[in-house]
Amino acid sequence: MMETVRNRHATPLILLLKMTLIMLALLAGAGCAREPETPLRVGTNVWPGYEPLYLARELGYYPPGSVKLVEYSSASEVIRAFRNGAVDAAALTLDEVLLLAETISDLSVVLVLDFSHGADVILAQPALSSLRDLKGKRVGLETTALGAYVLTRALQSVNMTPNDVRTVSLEVFEHERAFKERRVDAVVTFEPVRTRLLAAGARQLFDSSRIPGEIVDVLVVRRTLSAKHGTEISRLVQGWFRALDFIRKDRSRAASLMAQRERLSADEFLKVLQGLRLPDVEENRSMLAGPAPAIIPTSQKLGQVMLANRLIERPPEVKGLFDGSFVKGARP
């Protein structure tokens, strides 16, 4: 009788012990499981050349949770966010990347987004008819390398320098209002502000088609994050090329989708695209991959102009700046 009682009380204890061991094993397994993916945070500002990123999101080309597009009101804010680690990647002009490279050593350009071929401009009040008329006038521009670069290159064409004008610092969201209120005589700006100001009577004095190949938009990441976010970067790059393919096959529908964020009509957006060149996967491979990436001479020339005009303090090291591995593995 004593033995029977002892066994009857022991059984619940054994079950409790087994359950405890099972729970410990499950907890241990959960601790060893792979952490959930964190999305690649990509900083952009409003610019037609970046719209295929958003088109890819709209069309579901990014797997859920892999990419998070973060829109800022200006390139200046994108640069600040990238410096501070608020985003992992940024869509910027190449001159802005060279400016960043002065203080950040682990940058990698992984994708060439577009070439501006008329979409960046200098617009003036109707009474001004030439770049020479800007002498002594107020010229508004964003305080990034791009605004200063476009102004410098434009004035060089008429043997002038930025010292010949009065520059006024304006974030891009201020360009349209400042111009219409005549707080500036001219503005260094870009699409979609260009289209809206031209419709309001502005006179175009200069555009980026006069400096072909010099204004390039790229996607930049920190090299130290490439390994951590390699899968997400690959998905972003592949989604970009799928979006370009969609634009090629159904230009009208693509324009209607992309125009909304730019506050333009679909027809206006189609005209804007004429001022851009969006390189495909093969051209990206030529630009970024192989023993002699084609973008290096462009970057060196850009760096020389920036150095000569004191936009940077020392010649940039461009040879280690480009990573073609992601476009090399992308499908057309």
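User: In this predicted model, what makes helix α6 count as lying across β5, β6 and β8?

Analyst: Helix α6, residues 172–180, lies across β5, β6 (138–141) and β8. Contact means heavy atoms within 4.5 Å. The helix runs at about 140° to β8. Angles are taken between N-to-C directions on a scale from 0 to 180 degrees, so the value of about 140° refers to the directions of α6 and β8 as the chain runs.

User: Why are β5 and β8 called paired?

Analyst: Pairing needs at least two bridges between the strands. Strand β5 (residues 120–124) and strand β8 (residues 186–190) have five bridges, in the antiparallel sense, and therefore count as paired. One of the bridge partnerships joins Leu 123 to Val 187 in β8.

User: Which sheet holds these strands, and what makes β7 and β9 its edge strands?

Analyst: The sheet is open, has five strands in the order β7-β6-β8-β5-β9, and shows mixed pairing. Strands β7 (166–169) and β9 (203–207) each pair on one side only, and they are the edge strands. Neighbouring strands of this sheet are turned by 30° against each other on average, direction ignored.

User: What does the protein as a whole contain in helices and strands, and how much of it counts as buried?

Analyst: Its secondary structure comes to 14 helices and eleven strands. Of the 332 residues, 51% count as buried, so this share has under 20% relative accessible area. The protein exposes about 16200 Å², with 54% of that supplied by carbon and sulfur atoms.

User: What share of the contacts with a separation of 6 or more comes from residues 24 or more positions apart?

Analyst: Such residues account for 79% of those contacts in the protein.

Technical notes:
Residues numbered from 1 in each chain as written. Predicted model: local features only at pLDDT ≥ 70, side-chain atom pairs only at ≥ 80, totals over all residues. Heavy atoms only, no water. Helix = DSSP H or I, 4+ residues; strand = E, 2+ residues; numbered from the N terminus. Buried < 20%, exposed > 50% of the residue type's maximum accessible area, 1.4 Å probe, protein only. Areas by Shrake-Rupley, 256 points an atom, 1.4 Å probe, with all protein chains shown as cover.
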